[in-house]
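This report describes the architecture of one chain and then turns to its aromatic residues. Please read it alongside the sequence and the structure shown below.

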Amino acid sequence: MYRKLSYFFMTLILMTASSPSLSQVSITAEERDALIALYEATDGASWKQNTGWLGEEGTECEWFGIDCSESRHGKRIMIALAHNGLKGFIPAEISQISTIRSLDLSNNQLTGSIPAEIGLISSLGNLNLS
């Protein structure tokens, strides 16, 4: 009985250690620069919530409104900053985040044109700019 229980817990520990977690998803330097461009173009310092933004490299998936995950289809990034007091414009650099699955910047005070580059993000399944 002890041996079976030991084997079970060792298997569980190994499975947990080898499964991808949010902290294991890596953001490229180009994607980080695009997120920073979004922050700067929308007056991120005055957002209602901006916890973690502009933190150390490797912390991007912990920034408020950023959700990173890994699936069998690859990296997936979701940006959810609705109702957060963004003011300014959407920078063209946003298209450098080629793995965005969802971009929700609704109910903010954004002005200007929607960058044509957003149309180049083939992975984008949800876009809410209302």
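## Architecture and aromatic residues

Read from the N terminus, the elements of the chain follow the order α-α-β-β-β-β-β-β. The chain thus described is a predicted model, and it holds two helices and six strands.

Of its 130 residues, 35% count as buried. The exposed surface of the chain comes to about 8,000 Å², and carbon and sulfur atoms supply 55% of that area. Where contacts link residues at least 6 apart in sequence, 55% of them join residues at least 24 apart.

The aromatic residues merit separate treatment. A pair of aromatic rings is described by the distance of the centres and the angle of the planes. The whole structure contains four aromatic pairs, and two of them are set out in the table.

| Aromatic pair | Centre to centre | Angle between the planes | Geometry |
|---|---|---|---|
| Tyr39 and Trp47 | 5.1 Å | 70° | edge-to-face |
| Trp47 and Trp53 | 4.9 Å | 85° | edge-to-face |

Trp47 takes part in both tabulated pairs, with Tyr39 as one partner and Trp53 as the other. Are the residues of these pairs buried or exposed? Tyr39 and Trp47 are both buried, and Trp53 is buried as well. The angle between the planes is 70° for Tyr39 and Trp47 and 85° for Trp47 and Trp53; each pair counts as edge-to-face because its angle is over 60 degrees.

Which residues make up the aromatic cluster? Tyr39, Trp47, Trp53 and Trp63 together form one cluster.

Technical notes. Residues are numbered from 1 along each chain as its sequence is written. This is a predicted model: local features need pLDDT of at least 70, side-chain atom pairs count only at pLDDT 80 or more; totals for chains, interfaces and linings use all residues. Side-chain values use heavy atoms; hydrogens and water are left out. Helices (H or I, at least four residues) and strands (E, at least two) are DSSP runs, numbered from the N terminus. Buried means under 20% relative accessible area, exposed over 50%, partly exposed in between (1.4 Å probe, protein chains only). Contact means heavy atoms within 4.5 Å. Accessible areas come from the Shrake-Rupley method with a 1.4 Å probe; for residues, only the protein chains shown count as cover. Rings of Phe, Tyr and Trp (its six-membered ring) pair if their centres lie within 6.5 Å; planes under 30 degrees apart count as stacked, over 60 as edge-to-face and the rest as tilted.
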